[in-house]
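Got the model loaded in your viewer? Keep the selection box handy and follow along, stop by stop.

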Amino acid sequence: MEESVRPSYTVSQPPPHIDLQAIPRPAKRDGHDGDDAANPSSKAWPAAWEARYRAWVIGSDVFITLLVIAISAFVIDRVAPHDMHAFGTMLAVFVSLPVSRAWSPRVLGEGAEEYRTLGRGFITAAVLVALGGLLFGALEVQVWVFIVVPAIALVAFPQRYLLRQVLHRKRARGLCLLPVMAAGSPETVADLIARTRSEVHVGWRVEAACTFSGHGEDRDSGEIDGVPVVGRLEELSRHVRRGGYRVVAITADQYWTPKRLQRLAWDMEGTGAEMVVAPVLMEVAGPRLNVTGVLGMPLLRVTAPMFTGGRRVVKEVVDRAGSALLLTLLSPLLLVIAAAIKLNDRGPVIYRQRRVGRDGATFTMLKFRTMVTNADEIRKTLEQANEGAGPLFKMKRDPRITRVGGFLRRYSLDEVPQLFNVVAGKMSLVGPRPPLPEETAQYAPDARRRLLVKPGLTGLWQVSGRSDLTWAESIRLDLRYVEDWSLALDLVILWKTFRAVMGGQGAY
């Protein structure tokens, strides 16, 4: 990621107590097309790229809806003309998407929430079409409810994904980023900066920081990882109002009290900046966090992670049915791979290994063999060359891997037989990485929470770097999945897995 840009400030009628000489002059921000710097206002107006991206999203949704409805009406009308059904379906979609916040700027471009709101929008549209049919006695609307609306959704989801990829590529070049002011302790601010730089697709760029002392990581430093510290925490609202930031990220510090956060929220009104407070909870987010009013004060409710219930039943059904279908479709490929392995060295095709599953129960995991037949014995002589993180054993150039095995590993084809484990109920399509018994023996108490759910054929670790991850990052991602699991998250991970596998990122 490019080096962080120093904050720019724009001034309309500055109050007399502000030292203008101490304030950096406006500078054109990459990704803002110069719009914010040229606007002589203290308010952080949305950048031009945000309006353009939202217009593209809305326009593409409208185009897809009209196209699918037009094709459907042409086909259906050849049997029985129902123009009002087409109009009613179109109206239901165009009402449901904005009502469900599917076009809200806050959900566009990152995270599973965009897909959740889009899904809610189409479900609402289908319900409205069905209710309209009952209300007006048009009982033949079933085809519009069960075929046309799902067809629109089937096209809309990939289209949203493609638009998001265009946005993410621009962000990787340092464009289309939201300027962020971070405020907290130097340690937590540094962690936020590191995360925004490693996950640039989120679209945040920390351009300035405030700390309790007004210094960086030490008394003589005016920066934190290259980001300038522009003032103290008590001066935050003044810097935000004059700096044109889009996001104010509040990280942990003893300075922050409920009263001070409330005062800061009041002071930021009218700035256009979004205030984001990081709760002091380890990797808990998503549907488990809810803000409710109790006893006249806002409380952050943290519900317990759900490991049973209706959603888990749905996951179980999808896992087993989906794996059975994939095995049927991939059966010719399985035969080709098996023949290639057999012809390579006449050894066994399948490699069986004991792994640890849910609640610590062991099971036999199946994989295509990618190493020489005596790989386990040879490993003892390679311990000095171990490049794996934590208790994992990994080598980027492992001499035990066969020529066929190297190809299979690059595209994760060696893991396809694990679908049999999923059908048998020992694994899931999505979940934490299945560990070895010797790995779990070295687990710290927090890492053992990975065993609360079934291990997965793919997971957050698979779409976030695979073997390139450090041990701490691997644990963090697995715990995040365990804590924040949802069906929507599973769908997003499955969607991203194909791209990660095809790119061969972190596979060795």
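Start with a surface view of everything: the accessible surface of the protein comes to about 26400 Å², and 62% of that belongs to carbon and sulfur atoms. Those areas come from the Shrake-Rupley method with a 1.4 Å probe, and for residues only the protein chains shown count as cover. This is a predicted model, where local features need pLDDT of at least 70 and side-chain atom pairs count only at pLDDT 80 or more, while totals for chains, interfaces and linings use all residues. Residues are numbered from 1 along each chain as its sequence is written, and side-chain values use heavy atoms, with hydrogens and water left out.

Now switch to cartoon. You should find 15 helices and twelve strands; these are DSSP runs numbered from the N terminus, helices being H or I with at least four residues and strands E with at least two. Of the 508 residues, 45% count as buried, meaning under 20% relative accessible area (exposed is over 50%, partly exposed in between; 1.4 Å probe, protein chains only).

**Stop 1: the record's membrane spans**

Select 55–76, 82–100, 121–138, 144–163 and 321–341, which an unreviewed UniProt entry lists as "transmembrane region". Such annotations may be inferred rather than shown by experiment. In the model, residues 55–76 are 100% helix, with end C-alpha atoms 31 Å apart. Residues 321–341 are 100% helix too, and their end C-alpha atoms lie 28 Å apart.

**Stop 2: helix α4**

Pick residues 113–135. This 23-residue helix reaches 32 Å from first C-alpha to last, close to the 33 Å expected at 1.5 Å a residue (that is, 1.5 Å times one less than the number of residues). Show side chains and look for its buried residues, among them Glu114, Tyr115, Phe122 and Val129. After α4 comes glycine 137, with a positive phi near 70 degrees.

**Stop 3: the six-stranded sheet**

Which strands make up the open sheet, and in what order? Reading across, they go β3-β4-β2-β1-β5-β6, with mixed pairing; two strands pair if DSSP finds at least two bridges between them. Select 223–224 (β3) and 274–277 (β6): these are the edges, each with a single partner strand, so one side of each is left without a neighbour in the sheet. β5 (247–250) runs parallel to β6, joined by four bridges, and isoleucine 250 stands opposite valine 277. Add helix α6 (186–198), which packs on the sheet, touching β1, β2, β3, β4 and β5. The direction of α6 makes about 175 degrees with that of β2.

**Stop 4: the β9–β10 hairpin**

Go to 350–356 (β9) and 362–368 (β10), an antiparallel pair with seven bridges. Isoleucine 350 is the bridge partner of phenylalanine 368, and arginine 355 that of phenylalanine 363. Five residues separate the two strands, and aspartate 359 in the turn has a positive phi of about 60 degrees.

**Last stop: aspartate 414**

Is aspartate 414 buried or exposed? At 4% relative accessibility, it counts as buried. Aspartate 414 sits in the loop between α11 (403–410) and α12 (418–423). Leaving aside neighbours within four places in sequence, its contacts (heavy atoms within 4.5 Å) are Lys367, Phe368, Thr370, Leu408 and Arg409.

Terms used. Axes are lines fitted to C-alpha atoms, for helices over the stretch in contact, and angles run from 0 to 180 degrees between N-to-C directions.
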